[in-house]
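Student: I would like to learn how to read aromatic pairs in a protein model. Where do I start?

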Amino acid sequence: AHRNKKTLTVQHGSLPEDIYAFTYTWAKTLTNSQGVDITRTAQKSVIIKVGTAVQVDLSGSDTVNPENTMRLSTRTEFEDISAGTSLLSRSHAHGSNHEENSFGRHRPVNTLGVEYNWMQDSSSPPIDQSKYLAASYSLAIAPFALQGGYEYTFTVQVTVLGITGTAQKLVRANKAPYNGSVQVSPSVGRAIETVFTVATTGWIDTDGDLPLSFSFFRYSEATGEFFILSASQASSTSTMSALGVGNYSILAHAYDFLGGRSALPGMASVSVLKPLELETQPASCFALSASSDVS
């Protein structure tokens with residue numbers, strides 16, 4: 001590099017591709033009539049990009065579950081910040097007046113006017129713009145905006161100081177298990193007495209994200225309450241006992257190895273009757289018992 005009092009000249013090819021902030025500092029010390037030194041300073045900075053493109057990295061999961069928020073993050077060379085160091089300096093002494101000129105070089109903080117432009121490849125189903133939760137240095141897409149079983153290619157263009165860099169990311173939207181069913185044996189039983197066996201079969205996972213796990217639920221038509229029979233177990237069967245009288249819906253969800261949950265559960269119905277001994281006991285016996293209690 002060559003420099004004079006107010007000019008810095010950097011030879012062609014001496015700076016590798018990078019982003020530089022050059023700061024010129026002027027300082028002048030004067031001695032007044034009372035013999036006191038007074039220093040005046042000023043600075044001016046300029047930011048320069050050496051190279052033909054901005055280096056951009058795009059990170060995020062290769063596979064996402066559509067029911068979750070999808071996130072991608074950019075990282076450019078602007079985020080790699082190091083402490084400023086003096087590159088060149090020069091000083092001149094002129095009797096009682098002292099003047100200093102120095103040039104400093106450092107990598108700047110990302111406070112420049114950085115522009116981000118996100119695009120989705122047209123080969124996959126279009127995403128509603130309202131589903132984009134953020135689209136600046138990071139991209140966030142709302143749950144259920146992606147369709148399971150499709151691959152999406154996202155491209156980001158980052159422009160700084162009039163220079164643009166691009167990066168791409170291929171994301172697979174996991175297709176959760178589907179087409180399962182539930183069987184309950186027996187489908188009709190007695191309260192307290194009957195042990196019911198629940199099994200779920202027929203689940204298909206086209207992505208092959210095995211093994212599957214299963215959760216079983218019981219829904220009471222009388223109370224409208226859900227009850228978890230078992231959660232995220234490897235076995236595709238479960239049991240129920242000590243049920244009260246009423247009609248129930250039994251549901252099963254399947255989960256693949258990546259956590260994708262079936263959108264629609266398998267479902268079956270079961271009816272629970274009174275215990276046999278109560279159902280066959282004459283009504284007069286209940287009346288007699290009631291009257292005896294009162295007396």
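Tutor: Start with a count: in this predicted model, a search of the whole structure finds two aromatic pairs.

Student: How is a pair of aromatic rings described?

Tutor: Two values are used, the distance of the centres and the angle of the planes. Tyrosine 152 and phenylalanine 154 lie 6.3 Å centre to centre with 15° between the planes, and this pair is stacked.

Student: What are the values for tyrosine 219 and phenylalanine 226?

Tutor: Their ring centres are 4.9 Å apart and the planes stand at 40°, so this pair is tilted. Planes under 30 degrees apart would count as stacked, and over 60 as edge-to-face.

Student: Which of these rings are buried or exposed?

Tutor: Tyrosine 152 and phenylalanine 154 are both buried. Tyrosine 219 has 26% relative accessibility and therefore counts as partly exposed. Phenylalanine 226, with a relative accessible area of 57%, is exposed.

Student: How do side chains sit in a regular strand?

Tutor: They alternate between the two faces of the sheet. Here, strand S13 covers residues 151-160, and seven of its ten residues are buried.

Student: Which strands pair with S13?

Tutor: Strand S10 (residues 115-120) pairs with S13 in the antiparallel sense over six bridges; one of the partnerships is glutamate 115 with threonine 159. Strand S14 (residues 163-173) also runs antiparallel to S13, joined by ten bridges. Within S14, valine 171 stands opposite tyrosine 152.

Student: What is found between S13 and S14?

Tutor: Their hairpin has two residues between the strands, and leucine 161 takes a positive phi near 55°.

Key:
Residues are numbered from 1 along each chain as its sequence is written. This is a predicted model: local features need pLDDT of at least 70, side-chain atom pairs count only at pLDDT 80 or more; totals for chains, interfaces and linings use all residues. Side-chain values use heavy atoms; hydrogens and water are left out. Rings of Phe, Tyr and Trp (its six-membered ring) pair if their centres lie within 6.5 Å; planes under 30 degrees apart count as stacked, over 60 as edge-to-face and the rest as tilted. Buried means under 20% relative accessible area, exposed over 50%, partly exposed in between (1.4 Å probe, protein chains only). Helices (H or I, at least four residues) and strands (E, at least two) are DSSP runs, numbered from the N terminus. Two strands pair if DSSP finds at least two bridges between them.
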